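The following report describes a single protein chain, moving from individual elements to the chain as a whole. Please read it alongside the sequence and the coordinates.

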Amino acid sequence: MILVLDFGGQYNQLIARRVRENNVYCEVHTALDIEKIRSFKPEGIILTGGPQSVYKEDSLLPPIEIFNLGIPILGICYGAQAMAKILGGEVNPASVSEYGKTEVEIVGASKLFANVEKKSVAWMSHTDRIFSAPEGFIVTASTKNCPIAAMEDGTKNFYAVQFHPEVVHTIEGMKIFSNFVDICGCKRDWKMSSFVVDTIAKLKKKIGGGKVLCALSGGVDSSVAAVLLSKAVGKNLTCVFVDHGLLRKNEAAEVEAVFKNFDLNFIKIDAGERFLNKLRGVIEPERKRKIIGEEFIRVFEEVSKKIGAVDYLVQGTIYPDVIESGLGKSAVIKSHHNVGGLPDFVDFKEIVEPLRLLFKDEVREAGRELGLPENLVNRQPFPGPGLGIRIIGEVTAEKVKIVQDADAIYREEIFKAGIKNLSQYFAALTNMRSVGVMGDGRTYDYAIALRAVLTSDFMTAEAAQISWEVLNVVANRIVNEVKGVNRVLYDCTSKPPATIEFE
Ligand code: XMP
């Protein structure tokens, strides 16, 4: 096990991910005392980056005793400076701060840099730097503005790098982590199956006989979180699945079928009519989002009151949610409603977030380990307000049916064509009706818009180039099979300036 001591840097969870990619178990903790650190019995410690300055009095430093544990330590950025400061080196503000991709040169033999190219690009982000290395250390890498870009005491296995090996822009980053894991003598036998087993054991211990409530959306994250909890506490878990009537075709039934197989209390609330009533006559996107979010909470509240006092509320928060919530005061483009983001209206003691440290692909992997079916594990993102924001303008039962049917055809054909690289794709109902001709008659019907995007972070996206043959089949089927549609359009816009969803 490798312990990551967190000093608040932006990329810290990536460090854990890089270690896990080497099949080594890893935990991230803040402000631990030496006894607690010892109790983990780590084979190595990584000190992360952070926004503070080691020479300021109130800055958080690791306990000095970690350097007497006899295990390898890797300091990254602030962590490197903390190591320098504690062991007698000197850290000061740099005259030139470095930010972004920077050429770094290996200048000394180092086990940490085994098989690493002598010159490569690394990601820098610092305003302080190490001016003199502690006694016993040698300098192992430099950049133009940072003579001590890496240093080490190879006999004690203390390593420090000013750059960020955890960030993809550091070309040799993965090798550096792999080398560190070897230096620590880790066995590399940790897998997602171990994460699942460990997490279930920890949840069992923490929750004991307590009552747990989970709002299930049918998405990957809340489903995996729910199944983990069910394996830990069985019938003490109640999953509430609110069907707001704005789900994809057959989705509610599919979710119900999956969860009937697990040992938990599953409550499905059919609230479609209730949501439609609230949405009647409403056309403004933000109001629609707010109404759906609010109504969701009301339904959930009613159910949880019936269940009675709960000790824990489960949320399927995953690591990118954690990063996004921490990004400060950015402009509200859309009020995201996520069933994971339920507020504190339920009478509960604590929130449990078993997936907090995982990235999406790791969550999917955990889902497979837990026996969730592939169609659920691979489900593309689906917004909390559902089809409510894929129908431009007023939402009616007729429009919901149209968009559900069109979307089901689109998904079926993409599947048949074997297209697997799309990040997200769906049909939306434009609020536009236009003239067409069918048989010998005039029609005046809706236009369906097809959307498909490629993106890694969903903050920006490009429109995917789906082959004309496939689009043709989809368009033909939709106009022929879905009543009320006489035109199909393909959205070629990227984000920005458009967004992925239509509202
Ligand atoms: P936009 O439309 O903002 O979407 O480009 C970016 C990603 O977020 C999803 N999305 C939501 N997810 N609740 C969610 O859980 C929401 O209210 C919501 N709105 C958009 C969208 O599907 C896309 O993946």
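## Helix α4 and its surroundings

In this predicted model, helix α4 is followed by G185, a residue whose phi is positive, near 75 degrees. The helix itself spans residues 173–183, and since eight of its 11 residues are buried, it is largely enclosed by the rest of the structure. Those buried residues are G173, I176, F177, S178, N179, F180, V181 and I183, and they pack against β1, α1, β3 (44–47), β4 (73–76) and β9 (158–161).

## Helix α1 and the contacts of Q13

Helix α1, one of the elements against which the buried residues of α4 pack, contains Q13. With a relative accessibility of 12%, Q13 counts as buried, because the cut-off for that class is under 20%. Once its neighbours within four places in sequence are left aside, Q13 is in contact with V28, Y319, L357 and F359. The C-alpha atoms of Q13 and F359 are 9.5 Å apart in space, although the two residues are 346 apart in sequence. F359 is also the partner of R17, whose charged end sits over the ring of F359 at 4.8 Å from its centre. A second arrangement of this kind involves R433, which lies over the face of Y446, at 5.4 Å from the ring centre.

## Helix α7

Helix α7 covers residues 251–259, and its buried residues are E251, A252, V255, V258 and F259. Viewed down the axis of α7, these buried residues fall within an arc of 130 degrees, so they line one face of the helix. The elements that cover them include β10 (212–216), α6 (220–233), β11 (237–243), β12 (265–270) and α12 (374–377).

How buried is E251, given as a relative accessible area? The value is 4%, which places E251 in the buried class; leaving aside its neighbours within four places in sequence, E251 is in contact with R379 and F382.

## Aromatic pairs

The structure holds nine aromatic pairs. One of them, formed by F7 and Y78, is tilted, with 5.5 Å from centre to centre and 45 degrees between the planes. This pair links distant parts of the chain, as F7 lies in the loop between β1 (2–5) and α1 (12–21) while Y78 lies in helix α3 (residues 78–86), 71 residues apart. Both F7 and Y78 are buried.

Another pair is formed by F259 and F266, whose ring centres are 6.1 Å apart and whose planes stand at 10 degrees, so that the pair is stacked. F259 and F266 are likewise both buried, and ring pairs link F241, F259, F262 and F266 into a cluster.

## The packing of α8 and α9

Helix α8 (residues 272–279) packs with helix α9 (residues 285–307) at an angle of about 145 degrees, their axes being 10 Å apart, and α8 passes α9 in a right-handed crossing. On the α8 side, the residues that meet α9 are R274, F275, K278 and L279; their counterparts in α9 are K288, I291, I292, E295, F296, R298, V299 and E302.

## Backbone geometry

Most residues other than glycine have a negative phi, and most peptide bonds are trans. The table lists departures from both tendencies.

| Residue or bond | Backbone value | Location |
|---|---|---|
| N23 | phi near 60 degrees | loop between α1 and β2 (26–29) |
| A31 | phi about 45 degrees | loop between β2 and α2 (34–39) |
| K495 to P496 | cis, omega near -15 degrees | P496 in the segment after β18 (485–490) |
| P496 to P497 | cis, omega about 15 degrees | P497 in the segment after β18 |

As for solvent accessibility, N23 counts as partly exposed at 33% relative accessibility, whereas A31, at 58%, counts as exposed.

## The chain as a whole

The chain has 14 helices and 18 strands, and its C-alpha atoms fill a box of roughly 90 × 50 × 40 Å, taken along the principal axes. Of the 503 residues in the chain, 55% are buried. Among contacts between residues at least 6 apart in sequence, 76% join residues at least 24 apart.

How values were computed: Residues are numbered from 1 along each chain as its sequence is written. This is a predicted model: local features need pLDDT of at least 70, side-chain atom pairs count only at pLDDT 80 or more; totals for chains, interfaces and linings use all residues. Side-chain values use heavy atoms; hydrogens and water are left out. Buried means under 20% relative accessible area, exposed over 50%, partly exposed in between (1.4 Å probe, protein chains only). Helices (H or I, at least four residues) and strands (E, at least two) are DSSP runs, numbered from the N terminus. The arc is that of the directions from the helix axis to the C-beta atoms. Contact means heavy atoms within 4.5 Å. Rings of Phe, Tyr and Trp (its six-membered ring) pair if their centres lie within 6.5 Å; planes under 30 degrees apart count as stacked, over 60 as edge-to-face and the rest as tilted. A charge sits over a ring if NZ of Lys or CZ of Arg is within 6 Å of the ring centre and within 35 degrees of the ring normal. Axes are lines fitted to C-alpha atoms, for helices over the stretch in contact, and angles run from 0 to 180 degrees between N-to-C directions. A crossing is left-handed if the near helix is turned anticlockwise from the far one by less than a right angle, and right-handed if clockwise.
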